[in-house]
Amino acid sequence: FPQQLTAKKLLLNCNSSSLTLVGRRNQNYCLGFVSGVEEGLRFYEKEYVKSAAPQFCIPSKTKSKQLVDAFNKYAIANQSSLNKPAVLMIVEALKKAFPCR
């Protein structure tokens with residue numbers, strides 16, 4: 001079974017210091033991870049679950065940093081759930097920040 005990243009660990013990566021090389025790498029990992037979850041789920045829904053309503057509706061000009069900001073805000077507000085898989089918390093955060101109307 002592949003290693004599962006917790007929301008707590010991702011939150012630490014997302015908020016690493018940009019003053020160090022390791023911190024910048026952690027921040028880039030966070031950006032890529034959150035963006036990958038968003039893109040992967042959106043693609044999966046479009047290609048394989050065509051009849052289902054989308055989980056979230058992100059405007060086309062939204063930047064990866066805005067997705068990370070949504071995750072950070074949600075994770076900080078739900079600290080008791082930081083042991084959940086990061087993927088699950090990202091989806092929950094995006095649903096809250098970018099609901100479909």
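Select C14 and C30 to begin, and a disulfide appears between them, with S to S at 1.9 Å; the term is used here for a pair of cysteine sulfur atoms within 2.5 Å. C14 lies in helix α1 and C30 in helix α2, so this pair ties together parts that are 16 residues apart in sequence. The link of C14 and C30 is right-handed, with 80° about the S-S bond.

What you have open is a predicted model, in which local features need pLDDT of at least 70 and side-chain atom pairs count only at pLDDT 80 or more, whereas totals for chains, interfaces and linings use all residues. Residues are numbered from 1 along each chain as its sequence is written, and side-chain values use heavy atoms, with hydrogens and water left out. The helices named on this tour are DSSP runs (H or I, at least four residues), numbered from the N terminus.

**The first disulfide and its surroundings**

Colour the two cysteines by accessibility, where buried means under 20% relative accessible area, exposed over 50% and partly exposed in between, with a 1.4 Å probe and protein chains only. C14 counts as buried because its relative accessibility is 9%, and C30 is buried as well, with a relative accessible area of 1%.

Now show α1 and α2 together. Their axes come within 7 Å and cross at roughly 125°; axes are lines fitted to C-alpha atoms, for helices over the stretch in contact, and angles run from 0 to 180 degrees between N-to-C directions. The two helices α1 and α2 are therefore oblique to each other, on a scale where angles under 35 degrees count as roughly parallel, over 145 as roughly antiparallel, 65 to 115 as roughly perpendicular and the rest as oblique. From α1, select L10, N13 and C14, which meet N26, Q27, Y29, C30, F33 and V34 in α2; contact means heavy atoms within 4.5 Å. By class, this contact of α1 with α2 has six nonpolar, three polar and no charged residues, where Ala, Val, Leu, Ile, Met, Phe, Trp, Tyr, Cys and Pro count as nonpolar, Asp, Glu, Lys and Arg as charged, and the others, Gly among them, as polar.

**From α2 to α3**

Keep α2 on screen and add α3, which packs against α2 at an angle of about 90°, with the axes 9 Å apart. That makes α2 roughly perpendicular to α3. On the α2 side, C30, L31, V34, S35 and E38 meet S64, K65, L67 and V68 in α3. The residues of this contact of α2 with α3 divide into five nonpolar, two polar and two charged.

Isolate α3 next and compare its length with expectation, taken as 1.5 Å times one less than the number of residues. The 14 residues of α3 should span 20 Å, and its end C-alpha atoms are 20 Å apart, which agrees. Within α3, the residues L67, V68, A70, F71, N72, Y74 and A75 are buried, and the buried residues of α3 pack against α1, α2 and α4.

Of the α3 residues, N72 deserves a separate selection. At 10% relative accessibility, N72 counts as buried, and, leaving aside its neighbours within four places in sequence, N72 is in contact with L11, C14 and N15.

**Helix α4**

Move to residues 86-97, the 12 residues of helix α4, which should span 16 Å and whose end C-alpha atoms are indeed 16 Å apart. The buried residues of α4 are A86, M89, I90, V91, E92, A93 and L94. If the surroundings of these α4 residues are displayed, what covers them includes α1 (7-14), α2 (21-48) and α3 (64-77).

**The second disulfide**

Select C57 and C100, which form a disulfide with their sulfur atoms 1.9 Å apart. C57 lies in the loop between α2 and α3 and C100 in the segment after α4, so the pair ties together parts that are 43 residues apart in sequence. The link of C57 and C100 is right-handed, with 95° about the S-S bond. C57 counts as partly exposed, at 33% relative accessibility, and C100 likewise counts as partly exposed, at 33%. The count comes to two disulfides, and these follow the pattern 1-2, 3-4 when bonded cysteines are counted along the chain.

**A last stop in the loop**

Finish at A53, in the loop between α2 and α3. At 61% relative accessibility, A53 counts as exposed. A distance drawn from the C-alpha atom of A53 to that of V37, 16 residues apart along the chain, comes to 17 Å.
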